[in-house]
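Okay, thanks everyone for coming. I'll take a few minutes to walk through a structure, so have a look at the picture first.

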Amino acid sequence: MAEFSWNTQSPLESALVPGHHGVTGTQVGVTLEEVRDISLVQVMTRRGRAAGTAKAAKKVFGIEPPTSPSAAMGRHATLIWSGPDQFIAVSAQSAEDQFAKLSEAFAGAASLSDQSDGRCLIRIGGPRVRQALAKFCSLDLDDRAFPPGAAATTSIDHTAMNIWRGADSTDGHAIFNMLVLTSFADSLWHTILDSALEYGVQASLAHAA
Amino acid sequence: MRIACPFCGERENGEFTYLGDASPERPNFAVDGRESPDRVEDAFYDYVYLRDNVAGVMREYWYHGGGCRSWLVAERNTVTHEFISVTAAPGAGAASAVRAGE
């Protein structure tokens, strides 16, 4: 009988090759990284319980969940709007069982679904990030239309996606976070990488802090 | 063609699925059927099978499956493809639509 060994591994285990890709030289137009060790909880308000959900969120995260497409920084977590009366709480994975804690806090007001191993978080930045994204993303990612804190639930390259803009990098470039279902992560990674090769890509691996 | 989802803002039509005419109302068999079963049968035939072929503005169901997964009702001109309005479908789950950016 075949023996199975179950390992936890990233969906980008083989696709992600850290280092420089694309144009020769050291030019880096786009930075591309996978953020591992995230805790991800989808929160969906029950009918007529929006006030209770907001109150519970305020208690746990110190902020109310966003009611329009945006991302808000709370205590130990970022809350990302993902549709009417629903949001995603992203945080760094911790030793304690965060899901149980949240389930208790939102009991009766919202339904929770642990998506920690169901999604892959890809972060893309750099001076040419918008040119690269424009090749496969139909959203207007200009500063005026998509400022820091903006979020969208959309399809990118026919792939369901939650995208939001975090704080700019220290050298002033926009950073976009993309949450994608794990089974699509590999194909999306290649799409992004291929689209960005002409600008020079620095690929790396990060751990949620 | 771009569609302004009341929750997400303007998106390309590829994110949406068209269901059809939003005007037909399901006959209430429990209420109307007691009085005249034949009339209800006709009403159901009409509701299930018959559709108007409108050249102009009609109310349509659209599903934002590539976005916030909300059911929407849109008023669209079938001749020009102009969208006159897009609102959340009644009973779709959301308490109220908050326009993107507000």
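Before anything else, one term: by a cavity I mean a set of grid points where a 1.4 Å probe fits but cannot get out. And please keep in mind that this is a predicted model.

So, how many cavities of 30 Å³ or more does the structure hold? One. The largest cavity comes out at about 40 Å³ in volume. Who lines it? On the list are A:Ser39, A:Leu40, A:Val41, A:Phe61, A:Ala77, A:Ala89, A:Ser91, A:Gln98 and A:Leu102. If you'd rather think in elements, S3, S6 and H2 of chain A each give two or more residues to that lining. The top contributor is S3(A), with three residues.

Okay, let's place those elements. Chain A has an open sheet of five strands, and going across you read S4-S5-S6-S3-S7, with antiparallel pairing. At the edges sit strand S4, residues 71-74, and strand S7, residues 110-114, and each of those pairs on one side only. From one strand to the next, the twist averages 25°.

Now the helices. Helix H1 of chain A, residues 50-61, packs on this sheet and touches S3, S4, S5, S6 and S7. Its direction makes about 10° with that of S6(A). Helix H2, residues 98-105 of chain A, lies across S3, S6 and S7, and runs at about 170° to S7(A).

Back to S3(A) for a second. That strand covers residues 38-45 and pairs with S7(A) in the antiparallel sense, over five bridges. If you want a bridge to click on, try A:Met44, whose partner in S7(A) is A:Ser111.

Next, the nonpolar cores. The largest one has 34 residues, and the members that touch the most others are A:Ile122, A:Ile124, A:Ile163, A:Phe176, A:Met178 and A:Trp189. Elements supplying at least two residues each include strand S2, strand S8, helix H3 and strand S12 of chain A. Which element gives the most? That's H4(A), with six residues.

Let's zoom in on A:Trp189. Leaving aside neighbours within four places in sequence, A:Trp189 is in contact with A:Leu12, A:Ala15, A:Leu16, A:Leu32, A:Glu33, A:Glu34, A:Ile122 and A:Ala203. Apart from that largest core lies another one, of 14 residues, among them A:Val41, A:Phe61, A:Ala89 and A:Leu102. You've heard those four names already: A:Val41, A:Phe61, A:Ala89 and A:Leu102 are also on the cavity lining.

That's it from me, thanks.

Methods: Residues are numbered from 1 along each chain as its sequence is written. Chains are lettered from A and ligands numbered from 1 in the order in which they are written. This is a predicted model: local features need pLDDT of at least 70, side-chain atom pairs count only at pLDDT 80 or more; totals for chains, interfaces and linings use all residues. Side-chain values use heavy atoms; hydrogens and water are left out. Two strands pair if DSSP finds at least two bridges between them. Helices (H or I, at least four residues) and strands (E, at least two) are DSSP runs, numbered from the N terminus. Axes are lines fitted to C-alpha atoms, for helices over the stretch in contact, and angles run from 0 to 180 degrees between N-to-C directions. Contact means heavy atoms within 4.5 Å. A nonpolar core is a set of buried Ala, Val, Leu, Ile, Met, Phe, Trp, Tyr and Cys residues joined through side-chain atoms within 4.5 Å. Buried means under 20% relative accessible area, exposed over 50%, partly exposed in between (1.4 Å probe, protein chains only). On a 1 Å grid over the protein atoms alone, a cavity is a set of points where a 1.4 Å probe fits but cannot get out, and a pocket is an open set with protein on both sides within 12 Å along at least five of seven lines; lining residues have an atom within 4 Å of a point. Grid points are joined across faces, edges and corners, and a volume is the space filled by probe spheres set on the points.
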